[in-house]
Amino acid sequence: DYDKIEKRLQNHINSTLDFLGDSQEIHEMVLNFCCFLHYYSDGRAILPHPVASDFLYEASDETEEECALMQHIHKIFGGLLLEGFNETNGYYGWRPAHSLVSEVVKSRISIEDTAILLLEKIHKGKAYVNKFLREQVFKLFLDRKRISDTVVLEDLAKDDGSIDSDLETEVVGFYEVRTRYSPLIVDILEGDNGIRGALRLLIAICQKASQTEGKAYAWQQLARFMGYEMRAKEMDSTDNLHLRLYSTMNKEGDVKQSMPETCIEAAHVAVDIAINQQPKYSHHYVTKGVLYLLQLRDFKPEERPNLPCSLPAVIDICRKALEVYDKALMSSHGHSHHSMIGKIQATVSLLKIVEGLPCFSSETESFSRFLQTREVPTEMGEGLSKEDKCYVQSLSSTTLDLLNELFRNVKLKLTTTYDENEIRGLNNAKIRASKLRRAFYKITGYDRKQLSNVESSIPLSP
């Protein structure tokens with residue numbers, strides 16, 4: 001019976017730690033670290049023995065020679081920990097004797113506090129293997145888990161690669177996505193401190209990161225987190241956590257700046273730090289593009305009666321999104337499907353916002369005429385400049401051009417590659433683009449078959 005085994009294990013842990021007297025706290029910390037690493041690495045990470053020895057020597061009455069003995073730790077923990085070996089980097093260490101030990105210990109600790117304490121300890125550690133442990137911990141704290149979302153067969157039948165093509169020639173199955181955050185961040189979000197707890201950990205990671213790549217990665221993940229979870233909130237100059245974030249940002253920036261007014265502004269500052277660290281890394285530009293997409297997502301006509309007055313700002317966000325995705329394409333030295341899909345998402349999002357204006361709700365085809373014949377409703381008023389109106393109207397052809405370019409590129413690459421990972425990525429891009437294409441035709445009200453006939457009469461450039 002699981003409950004009885006868990007209870008006996010809890011009692012065994014308590015009796016083992018109680019027996020240690022004054023050194024109980026430091027030994028419990030070592031046990032917590034071993035189980036924490038084991039649990040969140042799916043059993044892959046161990047606590048290096050030199051690191052555990054340093055912890056015990058610094059805070060206990062035992063001699064350095066005693067702490068360095070692996071038999072000493074075996075004896076202390078009474079079968080709770082077993083010896084392990086990291087074959088990649090060649091060091092011995094400690095792991096829980098059973099996965100149940102890590103689960104029980106995890107239930108006893110504050111995940112957030114343990115993660116931050118581990119960061120602080122390995123940052124100060126002198127043992128050489130700390131170098132490898134830091135790399136593992138950063139990946140453990142930040143790497144998202146790969147999962148799969150089901151692609152429904154009926155959806156693909158509605159939107160295949162071309163008009164009246166056979167379903168069997170299309171992708172059927174799954175496309176892979178990652179969780180929004182690492183499993184650790186997800187668990188902290190579900191805890192008592194929620195968003196504040198996760199933000200506290202992410203700030204600590206940014207503070208402790210030292211290598212350029214790790215520092216950029218940490219700031220990029222912080223930016224994503226603030227974009228998804230906090231973008232609607234305001235920065236509070238009386239909030240200690242917000243002040244810590246602002247202070248950490250200023251230490252990284254070349255120029256001191258005032259505190260951002262909103263959390264989405266702070267997210268942009270964070271990803272700009274990542275870009276400054278790695279200006280040629282396209283993924284950071286993609287993240288900044290995602291922040292703009294999230295801002296566009298927040299503009300809902302039904303919730304904003306004064307949206308027409310905000311349209312110039314919305315259009316400006318779309319322009320910035322397209323610009324940053326273009327930078328991503330330039331830095332990727334090739335065709336980036338993530339960036340192309342990001343551009344299509346930005347244009348489709350803006351078209352959806354404009355299509356939801358009251359001036360287009362009274363008549364079904366009024367938005368299509370606005371795009372195709374440049375017929376501007378009188379109710380649209382003087383809120384938009386002529387340049388902005390022309391920009392919105394141009395997005396229909398821009399979106400179609402982007403979709404056609406993406407599908408052509410995917411089709412070409414699928415015929416020229418045998419790499420399974422690349423094929424999987426191409427199929428994923430195709431499915432995502434198909435969904436966006438379906439949304440585009442629904443928003444614009446265009447006759448897809450008629451447009452396809454027009455396109456097919458135009459010879460493609462060689």
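This is a selection-by-selection tour of a predicted model.

**The whole chain**

Start with everything shown as a cartoon. The protein has 21 helices and five strands. Colour by burial next: of its 462 residues, 47% count as buried. Now switch on the surface. The protein exposes about 24,500 Å², and carbon and sulfur atoms supply 49% of that area. Turn to contacts between residues at least 6 apart in sequence. Of these, 67% join residues at least 24 apart.

**The two cores**

Select Phe-141, Leu-201 and Met-226. These residues have the most contacts inside the largest nonpolar core, a set of 86 residues. Add helix H2, residues 24-40. Helix H2 gives the most to this core, with ten residues.

Now select Leu-357, Phe-370, Val-392 and Val-410. They belong to a second, separate core of 52 residues.

Go back to Leu-201 and show what touches it. Leave aside its neighbours within four places in sequence. Leu-201 is then in contact with Ala-115, Ile-116, Leu-119, Phe-141, Leu-184, Ile-185 and Ile-188. Phe-141 is thus on two lists: it is a contact of Leu-201, and it is among the residues with the most contacts inside the largest core.

**Helix H12**

Select residues 212-229. This is helix H12, with 18 residues. Place a distance between its first and last C-alpha: the helix reaches 26 Å, close to the 26 Å expected at 1.5 Å a residue.

Show the side chains. The buried residues of H12 include Trp-219, Leu-222, Phe-225 and Met-226. Polar and charged names are on the list too, among them Lys-215, Gln-220, Gln-221 and Arg-224.

What do the buried residues of H12 pack against? Select helix H8 (130-142), helix H10 (183-189) and helix H11 (194-208), then helix H13 (240-252), helix H14 (263-277) and helix H15 (282-297); these are the partners.

**Helix H13**

Stay with one of those partners, H13. Its 13 residues should span 18 Å at 1.5 Å a residue, and its end C-alpha atoms are 19 Å apart, which agrees. Leu-241, His-242, Leu-245, Thr-248, Met-249 and Asn-250 are buried in H13. The buried residues of this helix pack against H11, H12 and H14.

Zoom in on Thr-248, in helix H13. Is Thr-248 buried or exposed? Its relative accessible area is 7%, under the 20% cut-off, so Thr-248 is buried. Beyond its neighbours within four places in sequence, Thr-248 is in contact with Ile-203, Gln-207 and Trp-219. Trp-219 is itself one of the buried residues of H12.

**Aromatic pairs**

Colour the rings. The count comes to eleven aromatic pairs.

Select Phe-33 and Phe-55. They form an edge-to-face pair, 5.8 Å centre to centre with 65° between the planes. The pair links distant parts of the chain: Phe-33 is in helix H2 and Phe-55 is in helix H3 (residues 49-59), 22 residues apart. Phe-33 counts as buried at 1% relative accessibility. Phe-55 is buried as well, with a relative accessible area of 6%.

Next select Phe-36 and Tyr-40. This aromatic pair is tilted, with 5.2 Å centre to centre and 55° between the planes. Both residues lie in helix H2, four residues apart, about one turn of the helix. Phe-36 counts as buried at 3% relative accessibility. Tyr-40 is buried, with a relative accessible area of 10%.

Widen the selection to Tyr-39 and Phe-141. Ring pairs link Phe-36, Tyr-39, Tyr-40 and Phe-141 into a cluster.

**Charges over rings**

Select Arg-180 and Tyr-228. The charged end of Arg-180 sits over the ring of Tyr-228, 4.0 Å from its centre. Then select Arg-319 and Tyr-391. Here the charged end of Arg-319 sits over the ring of Tyr-391, 4.2 Å from its centre.

**Last stop: Asn-409**

Select Asn-409, in helix H19 (residues 386-414). Asn-409 has a relative accessible area of 17% and is buried. Add His-337. The two residues are 72 apart in sequence and 9.1 Å apart in space, C-alpha to C-alpha.

Conventions: Residues numbered from 1 in each chain as written. Predicted model: local features only at pLDDT ≥ 70, side-chain atom pairs only at ≥ 80, totals over all residues. Heavy atoms only, no water. Helix = DSSP H or I, 4+ residues; strand = E, 2+ residues; numbered from the N terminus. Buried < 20%, exposed > 50% of the residue type's maximum accessible area, 1.4 Å probe, protein only. Contact = heavy atoms within 4.5 Å. Areas by Shrake-Rupley, 256 points an atom, 1.4 Å probe, with all protein chains shown as cover. Core = buried A, V, L, I, M, F, W, Y, C linked by side-chain atoms within 4.5 Å. Expected span 1.5 Å × (residues − 1). Phe/Tyr/Trp six-rings, centres within 6.5 Å; stacked < 30°, edge-to-face > 60°. Lys NZ or Arg CZ within 6 Å of the ring centre and 35° of its normal.
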